[in-house]
Amino acid sequence: MAETSSALVNGMFNIATAATAGCMADFATFPLDTAKVRLQIQGVPAAAPMQLAGVGGHLHMPVAAQYEGLVGTLTTIARQEGVRSLYNGLSAGLQRQCAFVSVRLGMYESTKNFYQGLIDGNRPKRATEVPSMNVTSRVLAGLTTGGLAVLFAQPTDVVKVRFQAAPPGTKPYPSTLAAYRSIAGAEGFFGLWRGLAPNVARNSIVNVSEIVCYDIVKDALLMHGVMSDGVPLHFSSAVVAGFCATVVASPVDVVKTRYMNAKPGEYRSALEVATRMASNEGLAAFYKGFTPSFCRLVSWNIAMWITYEQLKGVVRRMREVEV
């Protein structure tokens with residue numbers, strides 16, 4: 001009974017710590033995310049208006065390339081719309097981190113242990129047994145928590161993308177709360193879950209390539225004595241995780257952004273978005289916004305993992321003092 005209670009407390013601390021670290025990392029890297037979204041939707045034909053508000057109809061993005069490169073996109077947005085516009089949708093972004101990271105990261109460890117128990121039957125390990133990286137249980141946990149987190153966070157992601165994708169000089173909604181009401185009213189309750197399938201696919205993939213990659217790289221470096229547990233280890237593991245996540249998830253991320261930002265009925269499915277992108281813009285379109293995606297994911301991973309590890313250490317020391 002005491003063991004179950006302790007595991008529950010540890011789980012709650014992990015969830016709270018993950019949510020806090022995610023919010024801090026998101027605030028630090030949000031302008032890069034805004035730049036990524038603008039580059040991803042650039043090139044959408046003018047004949048395909050994008051639903052940006054339940055009130056005021058549809059707005060069109062110009063066909064001509066408006067942004068070029070990460071620095072150019074950031075400076076263009078800041079110059080034309082003001083620096084504050086780089087943080088459009090921040091409220092929804094932070095809400096997303098609370099709902100999303102708390103599940104995909106906060107529940108990862110317990111989910112990994114659950115799968116490992118199913119795989120090895122919770123048999124005791126022999127003293128002579130060679131340590132295993134337990135890759136299968138890690139991947140299964142990453143897929144599970146990544147997909148599950150989307151079910152909680154999808155409406156916040158839709159709202160965040162709508163704010164970030166708004167053309168210069170426009171404000172799609174007066175507030176985040178108004179955005180939820182407006183989208184639900186104009187597109188139905190399930191409008192808030194637009195793009196759920198590609199987002200589940202994306203975030204399951206990201207979770208595996210990000211959290212699992214970080215977990216494996218960190219443990220491998222520790223196991224082989226390359227580095228000791230500390231900030232340099234967390235930094236190195238986070239950089240590798242961010243790079244892997246960007247390479248693997250960018251195509252799904254572009255499709256997800258286009259689909260979330262489309263007007264009702266413009267696409268029948270995420271597959272149609274991908275097919276039309278490939279036909280009209282070529283395969284390179286799936287890596288639009290790659291540079292800001294890479295910079296953002298690497299920066300986000302560094303900020304999130306270092307914060308998360310430090311917070312975990314503080315919580316662990318506090319609980320040791322209490323005991």
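Is Phe 235 buried, partly exposed or exposed? Let's find out in a set of close-up views, keeping in mind that the model is predicted.

**View 1. Phe 235 and its partners on the chain.**
Phe 235 is a residue of helix H8. With a relative accessible area of 41%, Phe 235 is partly exposed. Look next for Ala 303: this residue is 68 residues away from Phe 235 along the chain, yet the two C-alpha atoms are separated by 8.6 Å. If you set aside the neighbours within four places in sequence, Phe 235 is in contact with Ile 302 and Ile 306.

**View 2. Asp 157 inside helix H5.**
Here we move to helix H5, which covers residues 135–165 and includes Asp 157. Asp 157 counts as buried, because its relative accessibility is 1% and buried means under 20%. Which residues does Asp 157 touch, leaving aside its neighbours within four places in sequence? The contacts are Arg 96, Asn 199, Lys 256 and Met 260. Leu 94 is a helpful landmark too: Asp 157 and Leu 94 are 63 residues apart in sequence, and their C-alpha atoms are 10.0 Å apart in space.

**View 3. The largest cavity.**
How many cavities of 30 Å³ or more does a search of the whole structure find? The search finds 3, and this view shows the largest, which holds about 160 Å³ of space. Its lining is made of 20 residues, and those nearest the centre are Arg 96, Gln 97, Phe 100, Arg 202 and Arg 296. You may remember Arg 96 from the previous view, where this residue is in contact with Asp 157. Two or more lining residues come from each of helices H1 (2–41), H3 (90–104), H5, H7 (196–223), H8 (231–260) and H10 (290–322). H3 gives the largest share, 5 residues. Sorted by class, the lining has 12 charged, 5 nonpolar and 3 polar residues. Domain 1 (88–122 + 132–194) and domain 2 (195–288) each supply at least three residues to this lining.

**View 4. The second largest cavity.**
This cavity contains about 60 Å³ of space. To trace its lining, find Lys 36, Arg 202, Thr 246, Ala 249, Ser 250, Asp 253, Ser 293, Arg 296 and Leu 297. H8 and H10 are the elements that give two or more residues to this lining, and the largest share, 4 residues, is from H8. By class, the lining residues are 4 charged, 3 polar and 2 nonpolar. Arg 202 and Arg 296 should look familiar, as they line this cavity and also lie among the residues nearest the centre of the largest one.

**View 5. Cysteines without a disulfide.**
A disulfide is a covalent bond between the sulfur atoms of two cysteines. How many disulfides are counted here? The count comes to 0. Why is Cys 98 not bonded to Cys 23? The closest cysteine sulfur to that of Cys 98 belongs to Cys 23 and is 3.5 Å away, which is too far for a bond because a disulfide needs the two sulfurs within 2.5 Å. Cys 213 is in no disulfide either: its nearest cysteine sulfur, in Cys 244, is 3.7 Å away. As for their surroundings, Cys 98 counts as partly exposed at 40% relative accessibility, while Cys 213 counts as buried at 12%.

Notes:
Residues numbered from 1 in each chain as written. Predicted model: local features only at pLDDT ≥ 70, side-chain atom pairs only at ≥ 80, totals over all residues. Heavy atoms only, no water. Buried < 20%, exposed > 50% of the residue type's maximum accessible area, 1.4 Å probe, protein only. Contact = heavy atoms within 4.5 Å. 1 Å grid on protein atoms, 1.4 Å probe; cavity = no way out; pocket = protein on both sides within 12 Å on 5 of 7 lines; lining within 4 Å. Points joined across faces, edges and corners; volume = space filled by probe spheres on them. Nonpolar A, V, L, I, M, F, W, Y, C, P; charged D, E, K, R; others polar. Domains from an automatic or database assignment.
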